[in-house]
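Work through the exercises below with the structure open. Each one gives a task and then a solution in steps.

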Amino acid sequence: MKRNMNVFKCFILSAALTALPFGSRCEAQGLTPQACEQTIVTPKPAGRYLWLPIQESAPEGKVQVIRQDALLMEQNVRMAREHVDYYVPLDLRPYQNQGTYKVCVQNVPTGSICFSKMVQNDDVNYAFINERYRPLYHHTPRRGWMNDPNGMFYKDGTWHLFYQYNPYGSMWGNMHWAHSTSTDLVHWNDAGVALAPDAWGTMFSGSCAVDENNTAGFGRGAVIAMYTSSRPTPFGGDVQAQCIAYSTDGGKTFIKYDGNPVLCAEDKDFRDPNMFWNKDINAWNLILAVGQEMRIYSSPNLKDWKEESRFGLGYGNHDGVWECPDLFKLPIVNSKLSNRKSAWVLVCNINPGGPFGGSATQYFVGDFDGHKFTCDSEPQVTKWMDWGKDHYATVSFWGAPQNRRTVIAWMSNWQYANDVPTKQYRSANSIARDLGLFQDGSEWYVSVKPSPEMLAARGNKVKAPTEACEIIVDLKGSATITLANAKGEQVVMTYDDAARTFAMDRTASGNVSFSEAFPCTTVAPTHGRIKQLRLFIDRCSIEAFDADGKMAMTNLVFPSEPYNSIKVKGGKATIYEVK
Ligand code: FRU
């Protein structure tokens, strides 16, 4: 078959695409084949998924869905050239039964292996790799890439977690919001993609809130999502603007507002809106990360925003870009040192600039009157919510019950997130944690404790560590805790009672070679004595908490077999399975 497409010269490529009924290759005259090749695939009428073979070391090609002359969808995909690492599904359902359409693969050389390995079927488990590092009780995407938690909210007994998601590969790109739900914060159900890229760009991080009073006019109790749309400009860099979408079915499906974007600016790195209803001013507040500061806005209706103030220049750590903010009030309960009843916490995730390199979560404690955040501390004071290397993009759930402030972090670090040794999926979330406040000297700090749901998830007592367990270590003073396997791989944790520090050394923890930034020892101040430690192990992660909440440390580990022995010098360990 021959078709004329202006300067394009097309001919059939049948041998390489035996699995598919039709294919053609078009070569633009005078250009290098690499830059102009495109293969056109006509999917069969039946078979919901077109399985795209991925090779992570391949450059990104473009996969487009085209009906007649309309571009219905376009994604960047590392289509396999020489070998297949894993498969990702292109869900054809949205395009089926509405006339013919084609899938066009661009910038992938015609002889690439992906064309003979592409398969169309209904098998959601097709070529599924059951990987040994996949955590058993932490949230992970089934396939594809995940980074920040987004738009988390609690409503009618269900915890909703949205997250930054690439369905078309296990590396960052093509940002969507995907959705999972849970009734116990431990077991999660995949609820699919919630927001897909559109003409305004890809879907960057943001927040959700329930509009109880119908201030936005989308209905009483509508769930509103606010996110950043990000799209590259032809001149380099990205345009980032804030958009909203609403759901009238409790967060299952969203409709994007036709007045988007609702907040634009010419500033670079203008993103990650976090909005909440502030009853002190009877209006919405919004905190937004802009470069190296936070901007605070107010609105009566989530559509019209007024800038109220800015916070951050000169405060805390500025060795990276400020991202993913949060702002909330925490109660102060039974303080012996102060009659303060509450304080506000401004969360500021920063990358790079973390205490051990790369990404981390800093925060500021102070007051907020609906217009301006005033920090308690001197500008040079920096506070970290977690002292490990793998705790980023921490934000809280809107509407958690009993006035709880429950947070979840992304358990990775931008220094090596794309390189960790998992394939079919990448990244897990931390366990849920509940925040409070405590005082040390004249400073207020945020306390971090595993959410009470983790107690309910405690299973039987066992003699030795398992790949998914909680270890309680009761301490009398300084202690050394060594988790190890028969291969001699180990993680050494040290509590120094005199120095009041806790350290975790993962330099010999297993596979540490995929990034120079991975092997390290992280050290935390403990703000007093630790009497009991709670360690959560789940195949590729260790989260350590002072049971009183004054220290948290989250680190990934990739042992070649699970740690199955523990030695404690200076304390006593009790081990529980996690259900
Ligand atoms: C933080 C971040 C956000 C951004 C998102 C994009 O990890 O860089 O600032 O919205 O990731 O995926």
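**Exercise 1. Find the polar contacts of the ligand, using a cut-off of 3.5 Å between N or O atoms.**

Solution. The model is predicted.
Step 1: Start with the backbone. A polar backbone atom of Ser205 is 3.1 Å from an oxygen atom of the ligand.
Step 2: Go on to the side chains. Arg271 places a polar side-chain atom 2.7 Å from a ligand oxygen atom, and for Asp272 the distance from a polar side-chain atom to an oxygen atom of the ligand is 2.6 Å.
Step 3: Check how far the ligand is covered. On its own the ligand exposes 320 Å², and the protein buries 95% of that area.

**Exercise 2. Describe the shell around the ligand: which elements give two or more residues to it, and how do its residues divide by class?**

Solution.
Step 1: List the elements. Those that give two or more residues are strand 11 (144-155), strand 15 (202-211), strand 19 (270-278) and strand 23 (321-331).
Step 2: Take the residues. The ligand is surrounded by 13 residues, and the closest are Asp148, Gln164, Arg271, Asp272 and Glu323.
Step 3: Sort the shell by class. Six residues are nonpolar, three are polar and four are charged.

**Exercise 3. Characterise the largest pocket: what is its volume, and which strand gives the most to its lining?**

Solution.
Step 1: The volume of the largest pocket is about 1300 Å³.
Step 2: Its lining holds 44 residues; Gln75, Pro167, Tyr168, His176 and Val193 are the closest to the pocket centre.
Step 3: Among the elements that give two or more residues to this lining are strand 5 (49-54), strand 7 (70-77), strand 8 (86-91) and strand 15. Strand 7 gives the most, with five residues.
Step 4: By class, the lining has 23 nonpolar, nine polar and 12 charged residues.

**Exercise 4. Do the same for the second largest pocket: which residues lie nearest its centre, and where does the largest share of its lining come from?**

Solution.
Step 1: The second largest pocket has a volume of about 860 Å³.
Step 2: Of the 42 residues that line it, Phe276, Trp277, Trp398, Gly399 and Arg405 lie nearest the centre.
Step 3: Strand 11, strand 15, strand 19, strand 23, strand 24 (342-351) and strand 28 (392-396) each give two or more residues to the lining. The largest share, eight residues, comes from strand 23.
Step 4: The lining divides into 20 nonpolar, 13 polar and nine charged residues.

How values were computed
Residues numbered from 1 in each chain as written. Predicted model: local features only at pLDDT ≥ 70, side-chain atom pairs only at ≥ 80, totals over all residues. Heavy atoms only, no water. Near = heavy atom within 4 Å. Polar contact = N/O pair within 3.5 Å; in protein donor to acceptor, adjacent residues only side chain to side chain. Areas by Shrake-Rupley, 256 points an atom, 1.4 Å probe, with all protein chains shown as cover. Helix = DSSP H or I, 4+ residues; strand = E, 2+ residues; numbered from the N terminus. Nonpolar A, V, L, I, M, F, W, Y, C, P; charged D, E, K, R; others polar. 1 Å grid on protein atoms, 1.4 Å probe; cavity = no way out; pocket = protein on both sides within 12 Å on 5 of 7 lines; lining within 4 Å. Points joined across faces, edges and corners; volume = space filled by probe spheres on them.
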